[in-house]
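Take a look at the sequence and the model below. Then read on for a short tour.

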Amino acid sequence: MRVFKLKRENFLPFLKGLEKFGELWGPVKKGENYVYAKEDPEKFELKALRTIIPAKKFFIPKNSTILKFKNGEWKEHYEVRKRVIFGLHPCELNGLNIYHRFYTRLYPDPYYLKARENTLIVGLSCMPDDKCFCFATKTSTVDEGFDLFLTDLEDKFLLWIGSPKGEDAIRTLSEFLEEVSQKDIDDYIAWRKRRDRAFKLDIDLEGMPEIVTFSYDSPIWEKMGDACLSCGTCTMVCPTCTCFDIDDEYDIRQDEMNRQRFWYSCVFREYSMVAGGHNFREAKSERLKLWYTHKLVGFMSEYGSPACVGCGRCIASCPVGINVLSVVKALRKEKTDAFWKRVEVKNA
Ligand code: SF4
Ligand code: SF4
């Protein structure tokens with residue numbers, strides 16, 4: 001991977017130069033939070049952490065028409081725009097990498113692929129706050145899934161080129177770039193140490209697949225289910241949640257139909273309902289258990305890593321304060337305590 005230096009004073013001209021590759025989107029302030037918006041790059045917040053909705057919205061929108069029926073035939077419907085998305089942090093990029101695997105591995109999704117093909121992804125480094133735990137999920141660094149990545153070292157940036165698309169982009173902007181010196185490398189190493197020490201939260205995911213599997217009948221799920229509102233916020237804001245549903249909108253006068261895809265959630269009551277009205281997961285506790293099992297067990301066995309990248313969005317957004325860290329800690333404590341109790345009984 002090639003790396004260059006970008007002086008601070010060249011940052012905005014460089015960013016504006018990227019506009020020739022598509023609409024430029026980046027993180028801007030909205031109330032107390034951040035959102036990705038198509039804005040003047042001068043308004044982009046370089047210190048922004050998690051946006052309310054992750055960058056997955058650029059690839060599979062919250063709601064989109066995927067097929068149109070007219071004059072007796074169905075046609076695929078794409079709404080593709082050339083875009084440059086700036087400001088994706090390592091956790092976000094790792095989340096997108098999980099998303100990418102899901103939408104390309106077994107059944108490649110043409111809508112996802114088209115959107116991806118038309119997007120230039122520009123990552124940005126960050127400093128954690130009290131809800132970030134990507135260091136613990138091993139997603140605080142990233143080495144694939146971006147075209148360009150900027151590490152902010154205050155007076156300058158290091159610019160990493162992550163793909164042929166990134167190479168093409170900088171070819172037209174090389175006037176802003178310089179070779180990296182030993183001092184730049186030393187500054188980067190010092191920054192990395194400072195950043196790694198800044199994490200306040202920790203989560204121990206070691207052995208979680210077994211712990212969650214053995215916790216199938218734990219009362220912890222009931223407690224969470226009692227508090228949960230089934231609002232689905234945790235799943236909508238999670239960068240690795242991929243569930244969607246399909247619906248047909250029929251215009252009887254025109255004999256036309258739109259097939260819509262929209263984000264859906266495994267915590268919704270109707271999610272596990274089948275024909276005849278039977279619901280496999282009537283209880284909220286069962287639906288939450290499915291979410292955690294999918295993230296910490298299913299994904300682990302299929303892809304070798306959990307489907308949590310430590311972005312803290314679900315912690316920041318849950319209206320009743322259900323917190324993935326507390327759940328993992330409680331399950332671990334319950335299983336460890338039960339284990340020690342068994343050992344004591346055996347030794348008695
Ligand atoms: S489970 Fe929560 S912390 Fe983990 S990736 Fe999803 S939203 Fe982020
Ligand atoms: S955000 Fe909280 S209340 Fe809403 S579905 Fe998720 S866990 Fe339940």
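This report covers the two ligand shells, a surface patch and one helix residue.

The model is predicted.

**Around the ligands**

Start with ligand 1. Its shell includes the cysteines Cys238, Cys308, Cys311 and Cys314. Phe133, Pro239, Trp291 and Val309 are there too. So are Gly310 and Gly312. Lys295 and Arg313 complete the shell. Two elements each give two or more residues to this shell: α9 (284–303) and α10 (313–317).

Now ligand 2. Here 13 residues surround the ligand. The closest are Cys228, Leu229, Cys231, Cys234 and Cys318.

The table sorts each shell by residue class.

| Shell | Nonpolar | Polar | Charged |
|---|---|---|---|
| Ligand 1 | eight residues | two residues | two residues |
| Ligand 2 | ten residues | three residues | no residues |

**A nonpolar patch**

Which residues make the nonpolar surface patch of about 230 Å²? They are Phe102, Phe244 and Ile246. Phe102 sits in helix α2, which spans residues 90–104. Its relative accessible area is 36%, so Phe102 counts as partly exposed.

**A residue in α9**

Glu286 belongs to helix α9. Is Glu286 buried or exposed? Neither: Glu286 is partly exposed, because its relative accessible area is 26%, and buried means under 20% while exposed means over 50%.

What does Glu286 touch, apart from neighbours within four places in sequence? Its contacts are Tyr216 and Arg281. Pro319 is 33 residues away from Glu286 along the chain. In space, 19 Å separates their C-alpha atoms.

Note on methods: Residues are numbered from 1 along each chain as its sequence is written. Chains are lettered from A and ligands numbered from 1 in the order in which they are written. This is a predicted model: local features need pLDDT of at least 70, side-chain atom pairs count only at pLDDT 80 or more; totals for chains, interfaces and linings use all residues. Side-chain values use heavy atoms; hydrogens and water are left out. Patches are made of residues with over 30% relative accessible area and no salt bridge: like charges are joined within 9 Å, nonpolar side chains (Val, Leu, Ile, Met, Phe, Trp, Tyr) within 5 Å. Accessible areas come from the Shrake-Rupley method with a 1.4 Å probe; for residues, only the protein chains shown count as cover. A salt bridge is a side-chain nitrogen of Lys or Arg within 4 Å of a carboxyl oxygen of Asp or Glu. Helices (H or I, at least four residues) and strands (E, at least two) are DSSP runs, numbered from the N terminus. Buried means under 20% relative accessible area, exposed over 50%, partly exposed in between (1.4 Å probe, protein chains only). A residue is near a molecule or strand if one of its heavy atoms lies within 4 Å of it. Ala, Val, Leu, Ile, Met, Phe, Trp, Tyr, Cys and Pro count as nonpolar, Asp, Glu, Lys and Arg as charged, and the others, Gly among them, as polar. Contact means heavy atoms within 4.5 Å.
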